[in-house]
Amino acid sequence: MKEKVKLSNNAKVIILDNIIGNIIEIFLTTFLAAYFYKVTQDNLIYLSGYYIIAWIVATIGAFIVGDYIKRKNKVKLYRFGICLKALFIFLIIILKERIIDYFWIIGICYGLSVSATGFPFNMMESELVMEKERAKYQGYKSSIGEIVSIIIPIFLGAYITATSYHMAAILVFIFSFIKIIISFFIKNLNVSNNRVNIKGFIKEIKKHKEYPIFKLYIIEFLKGITVNGVLSIIISLLIVYEFNTELNLGIWNSIFSICMIITMLLFAKFYNKKNPQAILRICSLTIAFSCIWMLISINKTTIILYNFVYYIFIRILRAITEINLFDYSNKPPFNTEFNTEYFTIREVFINAGRVFGYIVLLLVGFTHNMECLKYLFICTTIALILIVFITKKVLNYKEGMCETSI
């Protein structure tokens, strides 16, 4: 009989924090990308340049904050990062349409805020969420977060259409302060007196060959190209391109969020870490089929189909990879002495993938031809299939370890 797992208070607070974060990120990714696209009159160069600068800065920032996170209070750094993100939103409010003239400044500000929030958040997840509750946590974090994502895209889309991006930014600015308040309920753990030791961490990886750490990092690089990077932006741009208004963008994002909620609730309830191979096969076949259809013809129907695949099968794939990533972060010696190094290198790989994806988008921007987005879909689909393939290899390692421990 399957043991009933209850979420701890730590996990619940992090989920609440993530919900507010979702509201902010919906505006800063989906709608801000659309805003860039409209202000620049369908020019992808400024948007690509902004994200390239942001993720390069975030990568550098990961090394800068890594040492602080290991020896100091990571929750305080996380709170500081939220303040930086509030400053970023404030810049959008005061600059308005002039953001394209200062895209490099807001890119730097966003990159710094990401390194000071995303990095410590991942470590807090690793330390505060127990391994036995990991699958349930991932499922409920995604599904409950997406409940908010059903309402917010429609609301923001309608509000922007009726007023302006400027007024929407003011509302999101207020949510930043709510997130700061929630951060005071998150406790800090595992402060070390040692400095970050990347060389020592690499030696440990070589020593513990039973752990597929390098494969996990390759998956993170590929996720940076796809689900954690340029792919989500491209999908938003295509919806705006075909459906014209921010309200339509919001409505469709809400519909896809409903699919995501149902999917992740079922994932949390039924996912079995011991036998996920069949799920991965379904994911790979569905992703490949939907992309082929998109390459044949980019229209309203194919865009909607691809989004359904994205919010169901690609998100399942993402959840499985995150479970693997955090499971190994809790194994010795990565759960104690080298936990900071583990996530520092993870940030480098995922951000390198993001930079690569946006460089390709920049090249598409120079062509001034939306048809060239097809080539990006080819790249992202190949990357997604590779994620499935490598994830299977990682799971084989885990199964082998389980057999050895019996």
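## Exercises on a predicted model

To begin, R318 has a relative accessible area of 22%, so R318 is partly exposed. Keep in mind that this is a predicted model.

**Exercise 1.** Find out which residue meets R318 in a salt bridge, and where the two lie.

*Solution.* Start with the side chains: those of E322 and R318 meet in a salt bridge (3.4 Å, N to O). Next, place them: both belong to helix α12, 4 residues apart, about one turn of the helix. Finally, check E322: its relative accessibility is 12%, and buried means under 20%, so E322 counts as buried.

**Exercise 2.** Describe the surroundings of T321.

*Solution.* T321 sits in helix α12, which covers residues 300–329. Its relative accessibility is 3%, so T321 counts as buried. A polar atom of the T321 side chain lies 2.6 Å from the backbone oxygen of R318. Beyond neighbours within four places in sequence, T321 is in contact with I219, K223, I387 and T391.

**Exercise 3.** Work out which parts of the chain the salt bridge between E220 and R346 ties together.

*Solution.* First, the pair itself: the side chains of E220 and R346 meet at 2.8 Å, N to O. E220 lies in helix α8 (residues 213–225) and R346 in helix α13 (residues 339–367), so the salt bridge ties together parts that are 126 residues apart in sequence. Both E220 and R346 are buried. Now follow R346 further: R346 also forms a salt bridge with E347, with the closest N and O atoms 3.2 Å apart. Put together, E220, K223, R346 and E347 are linked in a network of salt bridges.

Conventions. Residues numbered from 1 in each chain as written. Predicted model: local features only at pLDDT ≥ 70, side-chain atom pairs only at ≥ 80, totals over all residues. Heavy atoms only, no water. Buried < 20%, exposed > 50% of the residue type's maximum accessible area, 1.4 Å probe, protein only. Polar contact = N/O pair within 3.5 Å; in protein donor to acceptor, adjacent residues only side chain to side chain. Contact = heavy atoms within 4.5 Å. Salt bridge = Lys/Arg side-chain N within 4 Å of Asp/Glu carboxyl O.
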